[in-house]
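Biologist: Hi! Could you show me the structure you have open and walk me through a part of it?

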Amino acid sequence: MSEHEEENSSSNTVFVTGGTGFLGLHVCEYFRDEGWNVVAFDRVPFNEEDDVRGIDYVKGDVRDEEAVREAMATFDPDAVVHTAAALPLWDADTIREVTIDGTRSVLWAAKDHGIERVVYISSTAVYGLHEEHPITEASPLDGVGPYGNAKIEAEKVCKDFRRMGMCVPILRPKTFIGPQRLGVFQVLFDWVETGANIPLVGWGNNKYQLMHVHDLVRAIELVTTHDPDAVNDTFNVGATEYATMKEDFQALLDHAGSGKRVVGTPSSLTVAVLRLLNRLNLSPLYPWIYETAHHDSYVSVDKLRELGWEPEYSNTAALIDTYEWYLEHYEPRERSNTGLDHRVAWDQGALGVVKQAFQAF
């Protein structure tokens, strides 16, 4: 056994649900590199190109409590990071089953196995739209669609287990990007790379906070390892440096050197068109994207910063870093999971035709 393996043999073990997804992969890699033993639990295996050295994989569905129990019994984890969720374009029943029932089954399995800490990854989708900003953890909850509402219900489940004596930190991240992130951002990067102007929903004068997945994973590590009394709570996570959407996206275009510009549009007309395309299954953009993109959307992260966490990436830096990864690593493949997985490219549908028009001027 090597010296590194000897160190890992006495390390703590973290059990990551949704471990092969975009966030789950980053969590697994980060904790492994920090010396943890890592178990990825997911319905689908890692991609061939993923760096999974030292990461154990268990095939399973979080809705299957017995499968979760068996995996936990096999690997005896010290902590669980629960990232598994169904994205907004899944049907409402599946979203509820995975997000609510899956969270309950993971927490019960963890409790019965004596695991005292489960970190739950929620979303700022629980807030809906707010007039007053920044949004704080105490702001009213008004979930957007089945996804946001299911996250609210899953948080209630987490609080039930807190009352049973478990430490269940809840993180509410803004939209996070970084290496391996495709999905709707692959559509953006394709337009940037091929020299198209970038249309916005609205005029782009609103502030829309993003974050880099690296900063989110660092927040996850913090609430996984910090004093349980301090982290058994709910925390927003997001970048602290962000400008207007017009400014942040224009910075990406300037970095790409295409000479193209961000183009504002009348929000009411654009939203109406995108709603129609969505009903006709001609666009990969789901309501959470186009219904909120022209509104201010940013949260206070002061509560998490009080524990010592600070983000390393601004909105612009996160966009540029993700774009550079895309240029170096992205290879077009069959798009069979449009809207259902952040790690695959989404079929642009009618937006591909629109792109041609925005390339022409």
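Modeller: Sure! One term before we start: two strands pair if DSSP finds at least two bridges between them. Also keep in mind that this is a predicted model.

Biologist: Okay, how many bridges join β5 to strand β6?

Modeller: Two bridges join them, and the strands run parallel. Strand β6 covers residues 170-173. Tyr120 stands opposite Ile170 in β6. Between β5 and β6, the chain crosses through helix α5, residues 145-163, and this β-α-β crossover is right-handed.

Biologist: And in which sense do β4 and β5 pair?

Modeller: Parallel, over three bridges, with β4 spanning residues 79-82. Val80 has Val118 in β5 as its bridge partner. To get from β4 to β5 the chain goes through helix α4, residues 92-112, in a right-handed β-α-β crossover.

Biologist: What about the two faces of β5, which residues are on each side?

Modeller: Val118 and Tyr120 are on one side of β5, with Val119 and Ile121 on the other. In a regular strand, side chains alternate between the two faces of the sheet. Here both faces are covered, and all four of those residues are buried.

Biologist: Nice. Changing topic: which residues make the nonpolar surface patch?

Modeller: Leu276, Leu280 and Leu282 make that patch, which is about 260 Å².

Biologist: Where does Leu280 lie?

Modeller: Leu280 is in the loop between α10 (267-279) and α11 (287-292).

Biologist: Why does Leu280 count as partly exposed?

Modeller: Because its relative accessibility is 49%, and exposed means over 50%.

How values were computed. Residues are numbered from 1 along each chain as its sequence is written. This is a predicted model: local features need pLDDT of at least 70, side-chain atom pairs count only at pLDDT 80 or more; totals for chains, interfaces and linings use all residues. Side-chain values use heavy atoms; hydrogens and water are left out. Buried means under 20% relative accessible area, exposed over 50%, partly exposed in between (1.4 Å probe, protein chains only). Helices (H or I, at least four residues) and strands (E, at least two) are DSSP runs, numbered from the N terminus. A crossover is right-handed if, with the strands pointing away from the viewer, the path from the first strand over the helix to the second runs clockwise. Patches are made of residues with over 30% relative accessible area and no salt bridge: like charges are joined within 9 Å, nonpolar side chains (Val, Leu, Ile, Met, Phe, Trp, Tyr) within 5 Å. Accessible areas come from the Shrake-Rupley method with a 1.4 Å probe; for residues, only the protein chains shown count as cover. A salt bridge is a side-chain nitrogen of Lys or Arg within 4 Å of a carboxyl oxygen of Asp or Glu.
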